[in-house]
Amino acid sequence: MTSAPLAARLTDVAGPLFFPVTAYGPDGTVDLDAFRAHVRKGVDAGAAAVFACCGTGEFHALTPQEFRAVVAAAVEETAGQVPVVAGAGYGTALAIQYAELAEEAGADGLLAMPPYLVVAGQEGLLGHYTALAAATGLDTIVYQRDNAVFTPETVLALAQTPGVIGLKDGYGDLDLMQRIVSAVRAGLPGGDFLYFNGLPTAELTGLAYRGIGVTLYSSAVFAFAPDIALAFYRALESGDDDLVNALLDHFYRPLVELRAEGRGYAVSLVKAGVRLEGLDVGGVRTPLTEPTDAHIEELTRIIADGRALLEKHGQGQGEHG
């Protein structure tokens, strides 16, 4: 953890936001050495931040002890180069416990995931996230998706809550997001509230989200093909429409269509990609399941096609494994 404000650190460094997978050994226990190698590779490749033990990191499958150890390993491996944000979820009491563990482990912030199972009203959701933000000294990003979808008025109230610095949108309703951005801009003049595109393969909707001013995004692809993810990020930033569209048409769209072939592939397909790149991070824990052999072959082809496009556009990075 560093003394610099998390919001500034997330916006001052150019690069995708890195959501590492959690590595498991052959016996199914957490493999911290493999996880550290995974984090180090991402940081060296140009990640702007490390979001540990979040959705891609199988937060749902980790015990509190494992969670603390993995977050601490991320903090130690990054050594302050980029901020480390840890997931926190379940009901309010448990979310606070995970937040406290993240703070003990040295994290710079929290990604507050939806409460477990219940479908709550806006007042209850606001109370949940307000309590979580007040429980530690860590800045909090609220994750909108599934059973935690907010009205613009609720997001404005969250933006006015001490410790809440941003909203990550994994719901994908652009009309709602435009109204949220507008409500916060009008109700909090001069406020510095952050927005993140948090859809499973955010690059596919990057152009649309940029149209409403949302430029920060999480990149699952960065976990297994950082060269492709970084090339896309730079092309998007620089206005290189030819490369952006080529990668959308021949890499990201096929990847998203493959992801839709299996439940839980937003995690297990990413983990398979990391293994394909030469780092044994193990499989996923139940209730998630592994991709089929045919789907892993398809993923291999999609990655190769993405790299061929980089070579064609003069963006080749040499060795990748």
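Which residues are linked in a network of salt bridges? Hold that thought for a moment, everyone, and thanks for having me. One caution before we go on: what you see on the screen is a predicted model.

Now, back to the opening question. The network joins R36, R40, D44, E76 and E77 through salt bridges. Why would such residues pair up at all? Side chains of opposite charge can pair when their charged atoms come close. Across the structure there are 17 salt bridges, and I'd like to walk you through three of them.

Let's start with R9 and D108. Their side chains meet in a salt bridge, with 3.5 Å from N to O. This pair links distant parts of the chain, since the two residues are 99 apart. R9 belongs to helix α1, residues 6-12, while D108 lies in the loop between α4 (92-105) and β4 (109-112). And are these two buried or exposed? Both R9 and D108 are buried.

The second one is R179 with D175, where the closest N and O atoms are 3.0 Å apart. Here both partners lie in helix α7, which covers residues 174-187. They are four residues apart, or about one turn of the helix. R179 has a relative accessibility of 41%, so it counts as partly exposed.

The third is the pair R253 and E257, at 3.4 Å from N to O. These two are also separated by about one helical turn, because they are four residues apart in helix α10. R253 is partly exposed at 41% relative accessibility, and E257 is partly exposed too, with 43%.

Let's stay with helix α10 and turn to the inside of the protein. Which helix gives the most to the largest nonpolar core? That core has 115 residues, and the ones with the most contacts inside it are L10 and F51. Helix α10, residues 241-259, gives the most to this core, with nine residues. If you want one residue to click on, try L10. Leaving aside residues up to four places away in sequence, L10 touches L17, A49, F51, P83, I141, I165, L194, F196 and L216.

Next, the rings. A search of the whole structure finds 13 aromatic pairs. One of them is F251 with Y252, an edge-to-face pair with 4.7 Å centre to centre and 85° between the planes. F251 is buried, as its relative accessible area is 0%, and Y252 also counts as buried at 0%. Elsewhere, ring pairs link F59, F67, Y90, Y98 and Y116 into a cluster. A ring can have a charge for company as well: the charged end of K168 sits over the ring of Y143, 4.2 Å from the ring's centre.

Last topic: cysteines. How many disulfides does the structure hold? Zero. Take C53, which is in no disulfide; the nearest cysteine sulfur, in C54, is 7.3 Å away. Why is there no bond between C53 and C54? Because that distance of 7.3 Å is too far for one; a disulfide needs the two sulfur atoms within 2.5 Å. C53 counts as buried, at 1% relative accessibility, and C54 is buried as well, with a relative accessible area of 1%.

So, if you open the model after the meeting, here are two places to visit. Find R9 and D108, the buried pair that links distant parts of the chain. Then find L10 and look at its contacts, which include F51 and F196. Thanks for listening!

Note on methods:
Residues numbered from 1 in each chain as written. Predicted model: local features only at pLDDT ≥ 70, side-chain atom pairs only at ≥ 80, totals over all residues. Heavy atoms only, no water. Phe/Tyr/Trp six-rings, centres within 6.5 Å; stacked < 30°, edge-to-face > 60°. Buried < 20%, exposed > 50% of the residue type's maximum accessible area, 1.4 Å probe, protein only. Lys NZ or Arg CZ within 6 Å of the ring centre and 35° of its normal. Core = buried A, V, L, I, M, F, W, Y, C linked by side-chain atoms within 4.5 Å. Contact = heavy atoms within 4.5 Å. Salt bridge = Lys/Arg side-chain N within 4 Å of Asp/Glu carboxyl O.
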